[in-house]
Amino acid sequence: MKTSEDLPLHQRLGAEFRRRIETGEWPEGEPVPSESQLCAEFGTSRGPVRQALAMLRNEGSLTGGRGKPPVARRAAPSQPFGTFLSFTQWARTIGREPGQTTVEVARRRATPEAAARLGLDEGEAVVELVRLRLLDGVPAMLERSTFVHEVGRFLFDFDPDTGSVYRELLRREVDLHHARHTIDAVAAGPQDAELLRVAAGDPLLRVRRLTTSSRGVPLEDADDRYLPAMATFTIENTIEGRTVVGRYRTEED
């Protein structure tokens, strides 16, 4: 896997400029530093700086042009359902560097809500995974997954910080076949606020996911909470029929 140091200079500059916009270091609606200022700061020529600024214009993080100075804009990249279960793949398709920090992997007794969704008896053993997902090192989403114990036990022999949880489960021949998603908005709780660096009560975009086997047996009950400024979602329908959301085998999570 490439590290940020392996990327071309204009991509590294673009990632840094994007970080400044998303963290408010470059305030939204305000002009960003000039090309000459950026060249002096980063000790480079105008070429990579111009490429980086053009990249951010194309994705909507900068506005302006035709002689006007570029202005910062916090754009929310769209996540199509084709890569819905693949945070890493989605991030790379939009030119971002994905990352994750594992908060915990723990064996617990199923809550009444999780037991009902997973078809378990209340108090039956499950495995809970909590991860903070990052885009270019900036918090983007808090992922909470509850797996039936038969599936989740594999995570105790795997470091979720090192790569794809789903790829590891598929390698273990877990029958991850179908997922149903429900999207709504929720207020940030105390843990959400601490890890996503927002205030408690701030709105978050929540995606609840129920993953089942090819026989329809529930395997995972998930609750993913996105910062609204970091992601949006699109659904494409055709006149022939409704969209079907499925789990596809990919090389990354």
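# Close-up views of a predicted model

**Figure 1. Asp-136 sits in the loop that joins S5 and S6.** The structure shown here and in the other views is a predicted model. Strand S5 covers residues 125-135 and strand S6 covers residues 138-148. The phi angle of Asp-136 is near 55 degrees, which is a positive value in a residue other than glycine. Most residues other than glycine have a negative phi. Is Asp-136 buried or exposed? Its relative accessible area is 17%, and the cut-off for buried is under 20%, so Asp-136 counts as buried.

**Figure 2. Glu-173 is a residue with a positive phi in the loop between helix H7 and strand S7.** Helix H7 spans 165-171 and strand S7 spans 178-187. Glu-173 has a phi of about 65 degrees, although it is not a glycine. Its relative accessibility is 74%, and exposed means over 50%, so Glu-173 counts as exposed.

**Figure 3. Phe-17, Trp-26 and Phe-42 are linked into a cluster by ring pairs.** How many aromatic pairs does the count come to? The count is 2 aromatic pairs. Phe-17 and Trp-26 form a tilted pair, with 5.3 Å from centre to centre and 35 degrees between the planes. Both Phe-17 and Trp-26 are buried. Phe-17 also pairs with Phe-42; here the ring centres are 5.8 Å apart and the planes stand at 65 degrees. An angle over 60 degrees counts as edge-to-face, so the pair of Phe-17 and Phe-42 belongs to that class. This pair links distant parts of the chain, as Phe-17 is in helix H1 (residues 9-23) and Phe-42 is in helix H2 (residues 35-42), 25 residues apart. Phe-17 has a relative accessible area of 0% and is therefore buried. Phe-42 has a relative accessibility of 29%, so it counts as partly exposed.

**Figure 4. Arg-18 of helix H1 is a buried residue.** The relative accessible area of Arg-18 is 1%, which means that it counts as buried. Where in the sequence is Leu-56 relative to Arg-18, and what separates them in space? The two residues are 38 residues apart in sequence, and their C-alpha atoms are 7.3 Å apart.

**Figure 5. Ala-72 lies in strand S2.** Strand S2 consists of residues 71-72. At 2% relative accessibility, Ala-72 is under the 20% limit, so it counts as buried. Which residues does Ala-72 touch, not counting residues up to four places away in sequence? They are Ile-21, Trp-26, Pro-27, Glu-28, Gly-29, Glu-30, Val-32, Ser-61 and Leu-62. One of them, Glu-28, is 44 residues from Ala-72 along the chain, yet the C-alpha atoms of Ala-72 and Glu-28 are separated by 4.8 Å. Trp-26, also among the contacts of Ala-72, is a member of the ring cluster with Phe-17 and Phe-42.

**Figure 6. Leu-195 in helix H8 has contacts with residues elsewhere in the chain.** Helix H8 runs over residues 190-196. With neighbours within four places in sequence left aside, Leu-195 is in contact with Val-103, Leu-132, Pro-139 and Leu-142. The C-alpha atom of Leu-195 is 9.7 Å from that of Arg-131, and these two residues are 64 residues apart along the chain.

**Figure 7. Arg-153 lies over the face of Phe-154.** The distance from Arg-153 to the ring centre of Phe-154 is 4.4 Å.

**Figure 8. The largest pocket has a lining of 16 residues.** Rolling a probe the size of a water molecule over the atoms shows where empty space is left. The volume of the largest pocket is about 320 Å³. Which residues lie nearest its centre? They are Thr-111, Ala-114, Thr-146, Asp-221 and Asp-223. Helix H5 (112-118) and the strands S5 (125-135), S6 (138-148), S8 (203-212) and S9 (218-226) each supply at least two residues of the lining. By class, the lining is made of 9 charged, 4 nonpolar and 3 polar residues.

**Figure 9. The chain as a whole has 8 helices and 10 strands.** The chain has 253 residues, of which 47% count as buried. Among contacts between residues at least 6 apart in sequence, 62% join residues at least 24 apart.

Methods
Residues numbered from 1 in each chain as written. Predicted model: local features only at pLDDT ≥ 70, side-chain atom pairs only at ≥ 80, totals over all residues. Heavy atoms only, no water. 1 Å grid on protein atoms, 1.4 Å probe; cavity = no way out; pocket = protein on both sides within 12 Å on 5 of 7 lines; lining within 4 Å. Points joined across faces, edges and corners; volume = space filled by probe spheres on them. Helix = DSSP H or I, 4+ residues; strand = E, 2+ residues; numbered from the N terminus. Nonpolar A, V, L, I, M, F, W, Y, C, P; charged D, E, K, R; others polar. Phe/Tyr/Trp six-rings, centres within 6.5 Å; stacked < 30°, edge-to-face > 60°. Buried < 20%, exposed > 50% of the residue type's maximum accessible area, 1.4 Å probe, protein only. Lys NZ or Arg CZ within 6 Å of the ring centre and 35° of its normal. Contact = heavy atoms within 4.5 Å.
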